Every structure is written in C-alpha cells, then in structure tokens.
Amino acid sequence: MKLLYTILSLFIGFSVFSQSSTVVISQVYSGGGSSTAGVTYKNDYVELHNISTAVQDISGYSLQYGSSAGQIGGTASQIYAFPALTSIPAGAYLLIQTGSAGTAGADLPITADLVTTNLSLSATAGKVALINNAAALGCGATATPCTFPIVNVIDLVGWGAANLAEGGAAVSALSISTGAVRKINGCQDTDNNLTDFEVITNPVPRNSGSTIATCGAPGPVLSAGPNITNLNTVFGVTSAPMSFTVSGTNLAGFPDNISVTASSADIEVSLSMGTGYASTVDVSFTSATLNATAIYVRVKSTAPLGAVSATVNCEGGGAPDATVNISGNVLDTEPGTQANNIILSNVMNNGLDINWTNGNGASRIVVIRQTAAAEINPTDGFN
C-alpha cells in the first residue's frame, strides 16, 4: 500500500501546480561547464521574467535544482539564494549565470545580473524551481516525492527525463547547444512546460537591461489611411501626388522598417512629395511607436488610359498588414480645337439631329429635357 501511495503521489504531482502571476522562469540553458566541441556557452544560466504589472521583490527567494530523478535542493550546491534588494521591474528580465565555467564555448553574450558557482545543471535532463524562500525544498526525488500543491514553489521547469514538470510533460531533452525558452517573450504560462517552452539552438539570454516585454499588453498594430480617390492625370503625364499616413503602436523588433508597397505598376510611393518615388519605400521605426508618417502616392506617366485601381500595403513590426485603397483615372489629352459648324435639324418635342465638324477631342452629346433650363460643364473623369 505504501508503494502504491508513492506512485500515485508522483502521478498527481505532475499536474498540480498553480500558474505564477508574478515571476516565471523564462529560459534555461544547461549545456555549460563542458569541454566538448560544439557547446554554446561556458556557463549554464537561468533567466527570470516578471510577467506582472508591478515591481517584484525576490529578496530571500531561491533557485533550486534537482537531477532528473533527484531531490530539488538536496545539497547546498543545488541552492542559490537571491541577495537582499533583488527586484525585477514589470516586464523585465533577470539573468543568473550558474555553475562552473567549462573550457569550451563562449562567454555569455550579455552580462549576467547575478553570478553563482552553484546550480551545475544537467545538459540533458533535470529540473529547476523558483522558491519563495531559501530553505531546501526537500522533495522531488523518487523516494521523497513532493506533497502537492507545493505552496512555496513560484515556478518550476523540468526538461528531458525529469520526473517532475508542470502540466505532466517536461520540455524535450536539452543539449550542450540548445536551451529551453518560454514562448511569447517569456509571457506564455499555461502551466504546462512542454506547451509553454520551445527548444532553441544557441539561445540568446536577456538581462535587466534588455527590452522589457509587458505581458498582456495589446499586440502590434499598424494603421494607414485614408483611402485615396480621384487620383487623376492626363495620359503621358505623372499625376500630382496625394497622401495618406501610416502609424503603429506596440511594434516589435525595433529598430526596423515598415515596408510600404504599391500593388500596381501604374502607381508609385514616396516619403517626400517631390522626389524618391518607387514601387516600395521603407518607413523606419526605432521604438514600439511609429508616429503618423506621410506616404505620397502618384500615378506614373506610363499608366494606360482608363480607371486606376490599386492598393498600397504596409507591412512590418509584427503587426497585421494595413492597406490603403487607391482609385482614379488616366484621361485622354485635353482637346485644343473645338468642334465647329454645329447644325441642329429635325427639331421635335422629343428629339433633334445634331451635326458638326470634329475638333481634336472626343465627341460629346448633351441632352436637355424640354421646358427645363440646363447648363452642364464637362468634368474630367466623370460621365
């Protein structure tokens, strides 16, 4: 009966965790401390992310490690206690370099916020927990399973053949060149390690100086408009430009560019009213916000006679594309010689004959309703 109880406890323990609303483990690299060629970094590291909207003080908290079937925090070298005044601003990261340096691999590409020689992680399988105190957790081994829920555990990640993982499924086995990275910039937390993490080759850690990622914030948005109508010109002549604006909020990947592209070979775009026209122009953004930027559009001199119908597509910053519709006309050349010798004949109540000698323009017929005065001036692009 005791053996049965132990097995049931382990099974239940796989899935009984509560989602953290404050700080999560956002990256684990466990391949350091190696002399093997192909290792990415000399040291292991654990990255934390504050997923809340307030500063989180983790003074006196600890990171604790356990082998795949071992106790979490079973020895002093498997525990790292955070020093006093350790806090993480909202949306920020904290990078802890752990374990002894190996003879192969590179230094971490970014300076760690905290350094310890404790927590030498197994490259292939293990588990690490963020605990709200510095006392050894004292469970997690096959012989000493944890009693659930584990009230002191803020977050836990198991990888490879670890016997303990959130959601009942550990992250896939890691290696000397891969790391476990929490999705959506460290914000995804469904309480399932396998779902929440992806295994990345040559992962890139983030520290307290990295760009913050505020969880639950609106996603990237691009806005463009208004639509442009009556963009008219005469055949063989470039039209006068008209403009719309493009703007963005919560853009990702900055600094980068928003690509603004004309869908038709008959129109071209520019960031300047008079010069720089092309089928595509780039609008640079250096922060998550792109202030309203004017985009000038014109019909090319090579556009054929007839209606102009096109779109201008704005793409980039991780946002859904924003599209502006363009319409207008390419008109025939204005006539320089009017018709003459206009003769009216067979005038009746409901009709008449009109004859004339052509000028150099297209013919027009104007019909006037009987007993009502009318004065109609032709307008370019309209019937």
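What percentage of the 383 residues in the protein chain is buried? Buried residues make up 40% of the chain. Keep in mind as you look around that this is a predicted model.

Let's start with the overall picture. The protein chain contains three helices and 23 strands. Now take the contacts between residues that are at least 6 apart in sequence: 68% of them join residues at least 24 apart. On the outside, the protein chain exposes about 19,100 Å², and carbon and sulfur atoms supply 54% of that area.

Stay on the surface for a moment and find residues I342, L344, V347, L352, I354 and W356. Together they make a nonpolar surface patch of about 560 Å². Two strands, β22 (340-348) and β23 (351-357), each supply at least two residues of this patch. One residue to look at here is L352, which is found in strand β23. Its relative accessible area is 43%, so L352 counts as partly exposed.

Next, let's turn to charged side chains. The model has six salt bridges. One of them joins R206 and E47, whose closest N and O atoms are 2.9 Å apart. This pair links distant parts of the chain, with R206 in the loop between β12 (197-201) and β13 (221-225) and E47 in strand β2 (residues 44-50), 159 residues apart. Are these two partners buried or exposed? R206 is buried, with a relative accessible area of 15%, and E47 also counts as buried, at 0% relative accessibility.

Another salt bridge brings together the side chains of R182 and D155, at 2.9 Å from N to O. R182 lies in strand β11 (residues 178-182) and D155 in strand β10 (residues 153-159), so this pair ties together parts that are 27 residues apart in sequence. R182 counts as buried at 1% relative accessibility, and D155 is buried with a relative accessible area of 1%.

A further salt bridge is formed by R298 and E268, whose side chains meet at 2.7 Å, N to O. Because R298 sits in strand β19 (residues 290-299) and E268 in strand β17 (residues 267-270), the pair ties together parts 30 residues apart in sequence. E268 is buried, with a relative accessible area of 12%. Salt bridges can also share partners: in this way D155, R182, D189 and D196 are joined into one network. R298 has a further neighbour to find, since this arginine lies over the face of Y277, at 3.8 Å from the ring centre.

That brings us to the aromatic rings. A pair of aromatic rings is described by the distance of the centres and the angle of the planes. The model has five aromatic pairs. In one of them, the rings of Y29 and Y41 have centres 5.3 Å apart and planes at 80 degrees, so the pair is edge-to-face. Y29 belongs to strand β1 (residues 23-29), while Y41 is in the loop between β1 and β2, 12 residues apart. Y29 counts as buried at 0% relative accessibility, and Y41 is buried with a relative accessible area of 7%.

Y29 also pairs with Y45: here the ring centres are 5.7 Å apart and the planes are at 25 degrees, so the pair is stacked. This pair links Y29 in strand β1 to Y45 in strand β2, 16 residues apart. Y45 counts as buried too, at 0% relative accessibility. Ring pairs thus link Y29, Y41 and Y45 into a cluster.

Conventions
Residues numbered from 1 in each chain as written. Predicted model: local features only at pLDDT ≥ 70, side-chain atom pairs only at ≥ 80, totals over all residues. Heavy atoms only, no water. Helix = DSSP H or I, 4+ residues; strand = E, 2+ residues; numbered from the N terminus. Buried < 20%, exposed > 50% of the residue type's maximum accessible area, 1.4 Å probe, protein only. Contact = heavy atoms within 4.5 Å. Areas by Shrake-Rupley, 256 points an atom, 1.4 Å probe, with all protein chains shown as cover. Patch = residues over 30% accessible without salt bridge, like charges linked within 9 Å, V, L, I, M, F, W, Y side chains within 5 Å. Salt bridge = Lys/Arg side-chain N within 4 Å of Asp/Glu carboxyl O. Phe/Tyr/Trp six-rings, centres within 6.5 Å; stacked < 30°, edge-to-face > 60°. Lys NZ or Arg CZ within 6 Å of the ring centre and 35° of its normal.
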